[in-house]
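Trainee: I am new to this structure and would like a close look at one part of it, the nonpolar core, with a little of its surroundings. Could you take me through it slowly?

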Amino acid sequence: QVLSLPIVVIVHGNQDNNAKATVLWDNAFSEIERVPFIVAERVPWEKMCDTLNLKFMAEVQTTKGLLKEHYFFLAQKIFNDHSARLEDFQNRQVSWAQFNKEILPGRGFTFWQWFDGVLDLTKRCLKSYWSDRLIMGFISKQYVCKLLSTEPDGTFLLRFSDSEIGGVTIAYVIRGKDGSSQVENIQPFSAKDLSIRSLGDRIRDLGQLRNLYPNIPKDQAFGSHYNKEQTGKD
């Protein structure tokens with residue numbers, strides 16, 4: 001006899017997401033000599049960061065992994081703690097319940113369900129943009145406001161939606177005549193939206209977008225991702 005890799009039996013496709021979470025947790029955190037099916041209920045946050053990073057790069061098939069600031073945002077999300085500093089999370093333990101059992105505050109889904117939605121969207125529609133570091137992605141709406149509020153009119157960045165599973169949104173700054181700034185967030189685009197018209201072409205369409213944060217003209221940043229427009233009666 002030999003122990004297999006972990007498997008989960010499901011009876012419907014809507015269980016697929018939770019099954020993937022179980023397999024990921026077992027693969028990443030079970031001890032080699034363990035009693036079968038016994039896995040730690042809590043693991044160090046740093047181990048979780050490594051796991052999420054490896055999973056992201058493997059799923060999306062990119063060499064550009066998660067950055068320190070991405071981990072900070074993910075820690076704030078999974079621990080529901082927006083007052084702690086980056087180093088405060090280093091010695092914390094994250095539980096299975098926090099990973100894929102407890103619903104995120106004010107949402108209808110768990111941390112893993114949200115993260116898996118980001119994985120799927122990036123793999124299907126955003127791989128080249130992510131690999132070119134054009135998507136900041138893992139960043140809170142509050143921090144976006146802080147970054148953009150002092151920037152020139154039309155400065156924008158891309159972040160993964162907090163409120164929807166598998167959505168990417170564009171945040172941009174508008175400056176009034178009195179010099180006051182306002183940060184707007186465009187309704188998130190889903191994989192279905194981006195299969196109809198690509199992210200690059202949508203950015204080209206939006207005249208209010210001028211420079212990718214911090215200060216890259218949008219045609220320079222996204223020009224290689226524009227599709228040649230169809231002409232004629234089509």
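Mentor: What follows begins with the core and then turns to two single residues elsewhere in the chain. Please keep in mind throughout that this is a predicted model. The largest nonpolar core has 54 residues, and among these Trp45 and Phe138 are the ones that touch the most other members. The element that gives the most to this core is helix α5, spanning residues 111-131, with 10 residues. Apart from this core there is a second, separate one of 8 residues, including Val144, Leu148, Leu157 and Val183. As a general background, nonpolar side chains in soluble globular proteins tend to be buried together.

Returning to Trp45, and setting aside its neighbours within four places in sequence, we find it in contact with a list of residues that includes Leu52, Tyr71, Leu74, Phe79 and Phe89, and also Arg92 and Gln93.

Ala19, for its part, is placed in helix α1, which covers residues 16-29. Because its relative accessible area is 11%, and buried means under 20%, Ala19 counts as buried. Beyond its neighbours within four places in sequence, Ala19 is in contact with Val8 and Ile10, while Val43, 24 residues apart from Ala19 in sequence, is 19 Å apart from it in space, C-alpha to C-alpha.

Arg210 lies in the loop between α8 (199-205) and β6 (211-212), and with 48% relative accessibility Arg210 counts as partly exposed. Not counting residues up to four places away in sequence, Arg210 touches Asp153, Gly154, Phe156, Ile216, Pro217 and Lys218. Arg210 and Tyr172 are 38 residues apart in sequence, yet 9.1 Å apart in space, C-alpha to C-alpha.

Technical notes:
Residues numbered from 1 in each chain as written. Predicted model: local features only at pLDDT ≥ 70, side-chain atom pairs only at ≥ 80, totals over all residues. Heavy atoms only, no water. Helix = DSSP H or I, 4+ residues; strand = E, 2+ residues; numbered from the N terminus. Buried < 20%, exposed > 50% of the residue type's maximum accessible area, 1.4 Å probe, protein only. Contact = heavy atoms within 4.5 Å. Core = buried A, V, L, I, M, F, W, Y, C linked by side-chain atoms within 4.5 Å.
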